[in-house]
Amino acid sequence: MLRLTITDMIEKIHKEEPFHAVSSDYSFTLKIEEYTYFLCGAVHDGHQFRKELWDNCLHTEYERWYEEDPCTKQMVQSNPMVIAGCDSRFEYDLNRAPDTAIYIDAWGKQLWKNTLDTTQKQKSLEKHSNFYKVVHALVSKMEEKFGAAIVYDMHSYNWKRWDRPVPVINLGTANIDNSRYAPFAQAWCDSLATLQLPHDIEATAAINDTFQGNGYFLKYITSHFDQTLVLATEFSKIYCDEYAYILYPEVVDAIEQQLKLKLRNHAITYYNDYILKNGLLPD
């Protein structure tokens, strides 16, 4: 893995050079084994929390972990293009617009003992901005090469806090163009419902049951790129004990191993039935 500046990453993307790197400020990673029409993102995978913020934060490390999306990068890490956050959403949230990316409170609890000063906020917002500069360059390159693209936007959620049965996998599609993309969302949902999970966990899947896909990552890409579908994919945290702070690696591994094939097969269908059928592939 390399350590690259944002400028260096974007230059490599423009030249279509494969690389695997962490940003020079260690805020996110990007792996490109080959330039293809599907990208995996895990914006809430990170747990890093800048040390100068520790004493001012009212949330414990566990409380932060509880609301993060651990292992979502691992679930898709075998795919050829993967971008993932390294920093905790409690420093800045990549799935929120810049003006709301730094929390004042989080899940009903005040986050900071003392209001962050301008310099502290700017350090975080610069990392937020740099991430989206790279996302923009990468999706631009994908559309340039293939005419269209698909992004698998991976998340997780705490299912035990719900007072009703909830699906193991939820797809949020409220902010995509369903007139074009509903069949691909349904096909992804149906594929995920056939996952074979340890401990007799039934891989139920639904669309817009618990979440509707309102995140900034999806909205940013959708608003800037007319031919890119983003599928916000939420796994309930059946792969850990969210109260005991214990991960179940065998469940994470089972998801990863099956997504290797399922995700690629779904992306190939998108390529054949959307890109090729609509004549979007550049000459």
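In this tour, helices (H or I, at least four residues) and strands (E, at least two) are DSSP runs, numbered from the N terminus. With those labels in hand, keep in mind that you are looking at a predicted model.

**Stop 1: the largest pocket**

Start with the open space. The largest pocket holds about 510 Å³. Its lining has 27 residues, and those closest to the centre are His-44, Arg-89, Asn-95, Phe-211 and Glu-234. Select these five as sticks and you have a good marker for the middle of the pocket.

Which strands each supply at least two residues of this lining? Colour E8 (149–157), E9 (169–172) and E11 (228–236) to see them. E8 gives the largest share, four residues. Now try colouring the lining by class: six residues are nonpolar, eleven are polar and ten are charged.

**Stop 2: strand E8**

Stay with E8 and show its side chains. Are its residues buried or exposed? Nine of the nine are buried, so the strand is mostly covered, with buried meaning under 20% relative accessible area. In a regular strand the side chains alternate between the two faces of the sheet. Here, one side carries Ala-149, Val-151, Asp-153, His-155 and Tyr-157, while Ile-150, Tyr-152, Met-154 and Ser-156 are on the other, and all of them are buried.

Next, add E11, which runs parallel to E8 and is joined to it by nine bridges. To find one point along this pairing, select Met-154 and look across to Thr-233 in E11, which stands opposite.

**Stop 3: strand E4**

Now select residues 38–42, strand E4. E4 and E8 run parallel and are joined by four bridges. Two pairs help you to line them up: Phe-38 stands opposite Ile-150, and Leu-39 stands opposite Val-151.

E4 is mostly covered too, with five of its five residues buried. Phe-38, Cys-40 and Ala-42 are on one side and Leu-39 and Gly-41 on the other, and both faces are covered.

To move on, follow Ala-42 to its bridge partner in E5, Ala-84. E4 and E5 pair in the parallel sense over three bridges.

**Stop 4: strand E3 and its partners**

Where does E5 lead? Strand E5 (residues 81–85) runs antiparallel to E3, and five bridges join the two. Select Ile-83 in E5 and you will find its bridge partner, Leu-30.

Strand E3 covers residues 28–32, and five of its five residues are buried. Phe-28, Leu-30 and Ile-32 point one way, whereas Thr-29 and Lys-31 point the other way. Lys-31 is worth a click, as this lysine is among the buried residues.

Strand E2 (residues 19–23) is also antiparallel to E3, and four bridges join them. Leu-30 serves as a landmark again: Ala-21 stands opposite Leu-30. Between E2 and E3, the hairpin has four residues, and Tyr-26 there takes a positive phi near 65°.

**Stop 5: helix H4**

Select residues 118–146, helix H4. How far apart are its end C-alpha atoms? They are 42 Å apart, which agrees with the 42 Å that its 29 residues should span at 1.5 Å a residue.

Zoom in on the N-terminal end, where Asp-117 caps the helix. One of its side-chain oxygens lies 3.1 Å from the backbone nitrogen of Thr-119. Then go to the other end: just after H4, Gly-147 takes a positive phi of about 85°.

**Stop 6: the second largest pocket**

Lys-121 is a handy way into the second largest pocket, since this lysine is among the residues that lie nearest its centre. Tyr-103, Ile-104, Trp-112 and Thr-115 are the others in that group, and the whole lining has 15 residues. About 200 Å³ of space lies here. By class, the lining divides into eight nonpolar, four polar and three charged residues.

**Stop 7: Gln-186**

Finish at helix H5 (residues 178–192) and select Gln-186. Why does Gln-186 count as partly exposed? Its relative accessibility is 37%, and partly exposed is the class between under 20% and over 50%. As a last distance to draw, connect the C-alpha atoms of Gln-186 and Thr-173: they are separated by 9.9 Å and lie 13 residues apart along the chain.

Conventions. Residues numbered from 1 in each chain as written. Predicted model: local features only at pLDDT ≥ 70, side-chain atom pairs only at ≥ 80, totals over all residues. Heavy atoms only, no water. Buried < 20%, exposed > 50% of the residue type's maximum accessible area, 1.4 Å probe, protein only. Pairing = 2+ DSSP bridges. Expected span 1.5 Å × (residues − 1). Polar contact = N/O pair within 3.5 Å; in protein donor to acceptor, adjacent residues only side chain to side chain. 1 Å grid on protein atoms, 1.4 Å probe; cavity = no way out; pocket = protein on both sides within 12 Å on 5 of 7 lines; lining within 4 Å. Points joined across faces, edges and corners; volume = space filled by probe spheres on them. Nonpolar A, V, L, I, M, F, W, Y, C, P; charged D, E, K, R; others polar.
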